[in-house]
Amino acid sequence: MNNSKGLSIAALVLGIVSCVIPWWGIVWGIIGLVCAVVGLILAIKARKQNPNTLATVALILSIVGIVLSIIGIIACGICTLMAAGISEGIESGEIDVNEIESAINEIATTIGN
């Protein structure tokens, strides 16, 4: 019984961590995904030993953490690729910095109204 409580608490902490850290960058997203998977395994073991609310919450948080980590990894990857493409375009002269600045100003004006 004590073992399942310890597993539940560990799974809960890993589930919480996996929901929070994926938004700090692509490396943290991968770490969050690992935490979520480990939390999921621990939560399943805890629920098998002694099904309780803590283990169920840990299970749900770990599943949510997996989803958020995957979304965070994809989002960070897309942002990185877009930034690299824009940087390359600026260096090669295909993208005019003044056009980007005017587009950003237009968006800011639209949001401000």
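The expected span of a helix is 1.5 Å times one less than its number of residues. The legends below use this rule for a predicted model.

**Figure 1. Overall view of the protein, a predicted model with four helices and zero strands.**
From the N terminus on, the order of elements is α-α-α-α. Along the principal axes, the C-alpha atoms occupy a box of roughly 65 × 35 × 15 Å. The radius of gyration is 21 Å, whereas a compact globule of 113 residues would have one near 13 Å. Of the 113 residues, 28% are buried. The accessible surface amounts to about 7300 Å², and carbon and sulfur atoms account for 71% of that area. The protein has 4 positive and 7 negative charges, and the mean positions of these two sets lie 54 Å apart. Among contacts between residues at least 6 apart in sequence, 68% link residues at least 24 apart.

**Figure 2. Close-up of Ser 8 in helix H1, which covers residues 2-20.**
Ser 8 has a relative accessibility of 0% and so counts as buried. Apart from its neighbours within four places in sequence, Ser 8 has contacts with Ala 46, Asn 52, Leu 54, Ala 55 and Ala 58. One of these partners, Ala 46, is among the buried residues of H2. Ala 55 and Ala 58 are listed among the buried residues of H3.

**Figure 3. Close-up of helix H2, residues 26-49.**
H2 has 24 residues and spans 35 Å from its first C-alpha to its last, close to the expected 34 Å. Its buried residues are Gly 29, Gly 32, Cys 35, Ala 36, Gly 39, Leu 42, Ala 43 and Ala 46. An α-helix has 3.6 residues a turn, so residues three or four places apart point the same way.

**Figure 4. Close-up of Cys 35 in helix H2.**
Cys 35 is buried because its relative accessibility is 14%, and the cut-off for buried is under 20%. Leaving out neighbours within four places in sequence, its contacts are Leu 14, Val 17 and Ser 18. Val 17 is 18 residues from Cys 35 along the chain, and their C-alpha atoms are 7.2 Å apart.

**Figure 5. Close-up of helix H3, residues 53-92.**
H3 contains 40 residues and reaches 58 Å from its first C-alpha to its last, close to the expected 58 Å. The buried residues of H3 include Leu 59, Ser 62, Gly 65, Ile 66, Ser 69, Gly 72, Ile 73, Cys 76, Gly 77 and Gly 89. After H3 comes Gly 93, with a positive phi near 90°.

**Figure 6. Close-up of Ala 83 in helix H3.**
Ala 83 is partly exposed because its relative accessible area is 46%, which falls between the limits of 20% for buried and 50% for exposed. Val 20 is 63 residues from Ala 83 along the chain, and their C-alpha atoms are separated by 24 Å.

**Figure 7. Close-up of helix H4, residues 97-112.**
H4 has 16 residues and reaches 22 Å from its first C-alpha to its last, close to the expected 22 Å. The helix is hardly covered, since the number of buried residues in H4 is zero.

Terms used:
Residues are numbered from 1 along each chain as its sequence is written. This is a predicted model: local features need pLDDT of at least 70, side-chain atom pairs count only at pLDDT 80 or more; totals for chains, interfaces and linings use all residues. Side-chain values use heavy atoms; hydrogens and water are left out. Helices (H or I, at least four residues) and strands (E, at least two) are DSSP runs, numbered from the N terminus. The radius of gyration is taken over C-alpha atoms; the globule rule is 2.2 Å times the number of residues to the power 0.38. Buried means under 20% relative accessible area, exposed over 50%, partly exposed in between (1.4 Å probe, protein chains only). Contact means heavy atoms within 4.5 Å. Accessible areas come from the Shrake-Rupley method with a 1.4 Å probe; for residues, only the protein chains shown count as cover. Lys and Arg count as positive and Asp and Glu as negative; His and the chain ends are not counted. The place of a charge is taken as NZ of Lys, CZ of Arg, CG of Asp or CD of Glu.
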